[in-house]
Amino acid sequence: MKYKKKGFDYSLLDVTIKLPEEYSPFDRVAVTGNNNPLVVEIGCGNGHFLTKQAVNNPHENFIGIDLKDYRIVKSRMKELSLNIPNVFWINAEAQKALERMFEPSSIHQIYMTFPDPWPKKRHNKHRLFQKDFIETLCKTLEVNGKFIFISDHEEYYQWCIDLLHDEKRFEIVSNEYSNDLTESAFGNIWKEENRLFYSFTMVKI
Ligand SMILES: C[S@@+](CC[C@H](N)C(=O)[O-])C[C@H]1O[C@@H](n2cnc3c(N)ncnc32)[C@H](O)[C@@H]1O
């Protein structure tokens, strides 16, 4: 795989939820063992934020999605070292994973913490937050389900707000964020640099 780095135990990826070739939602009860609310983090990195959330919220199930296999390996190592029963992982591209793997209106909350900002104009097309992505959020979130975004990149934040202009299916309910949300690997680095953070929470109506 193109992201493969040496020195990681890739067998840890065996116990992840696999991306199917086409639409085929996973059986949440079979995977998680219960019907507790699903909370997803897109671009979960090494699982720093999500594993903490899972420990603090044992009655919710947490699913981290990341493209890079070695990051999911690190996430699984955290899960195993803390023996967390309610966290699960998908090593795949997030738009595809959301589209193919989740039942409609099945996700309670989705976090996007410090996504790659792709700052150059010619690279903006690589940003995950696009019109299609909004469609997918709308399809997969429950009614009253939340999407929570945080970034140190003001222009990416504004890109999202502009794409949501005239969007009637969501309401932006807050630009505040809790300290919890900054407790990710990248969040901690940016805090040390005293960067400003830009956040919004929107609710599916
Ligand atoms: C800047 S890092 C932030 C990681 C983590 N959220 C944090 O705050 O520490 C962005 C992460 O998103 C992942 N990523 C980027 N594009 C992605 C995509 N299309 N699908 C899934 N993951 C993606 C990257 O592999 C990387 O781990």
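## Ligand shell

In this predicted model, the shell around the ligand holds nine nonpolar, six polar and five charged residues. Of the 20 residues around the ligand, five come nearest: G43, G45, A94, S184 and F186.

Two elements, strand 2 (61-66) and helix 7 (185-192), each supply at least two residues of this shell. Helix 7 gives the most, with three residues.

## The sheet

Seven strands form an open sheet with mixed pairing. Their order is 3-2-1-4-5-7-6. Strand 3 (87-91) and strand 6 (170-174) stand at the edges. Each has a single partner strand, so one side of each is left without a neighbour in the sheet. From one strand to the next, the twist averages 20°.

At one edge, strand 6 pairs with strand 7 (residues 198-204). The pairing is antiparallel and runs over four bridges. E171 stands opposite V203 of strand 7.

## Helix 2 on the sheet

Helix 2 (residues 48-56) lies across four strands: strand 1 (38-42), strand 2, strand 3 and strand 4 (107-113). The angle between helix 2 and strand 2 is about 175°.

## V39 in strand 1

Is V39 buried or exposed? V39, a residue of strand 1, has 24 C-beta neighbours inside 10 Å. The cut-off for a buried residue is 20 or more, so V39 counts as buried.

Which residues does V39 touch beyond its neighbours within four places in sequence? The contacts are Q53, E60, N61, F62, H108 and Q109. V39 and E60 are 21 residues apart in sequence. In space, their C-alpha atoms are 7.0 Å apart.

## Helix 4 against helix 5

Two packed helices are described by the angle between their axes and the distance between the axes. For helix 4 (residues 94-101) and helix 5 (residues 131-140), the axes come within 10 Å. They cross at roughly 35°. The crossing is left-handed.

Helix 4 contributes Q95, L98 and E99 to the contact. Helix 5 contributes D132, F133, T136 and T140. By class, the contact has two nonpolar, three polar and two charged residues.

## Recap

Helix 7 gives the most residues to the ligand shell, and strand 2 also supplies at least two. Strand 2 belongs to the group of strands that helix 2 lies across. Strand 1 belongs to that group too, and strand 1 holds V39. The sheet is open, with seven strands, and strands 3 and 6 stand at the edges.

Technical notes. Residues numbered from 1 in each chain as written. Predicted model: local features only at pLDDT ≥ 70, side-chain atom pairs only at ≥ 80, totals over all residues. Near = placed C-beta within 6 Å. Nonpolar A, V, L, I, M, F, W, Y, C, P; charged D, E, K, R; others polar. Pairing = 2+ DSSP bridges. Axes fitted to C-alpha atoms, helices over the stretch in contact; angles between N-to-C directions. Contact = placed C-beta atoms within 7 Å. Left-handed = near helix turned anticlockwise from the far one by under 90°. Buried ≥ 20, exposed ≤ 12 C-beta atoms within 10 Å, placed from the backbone.
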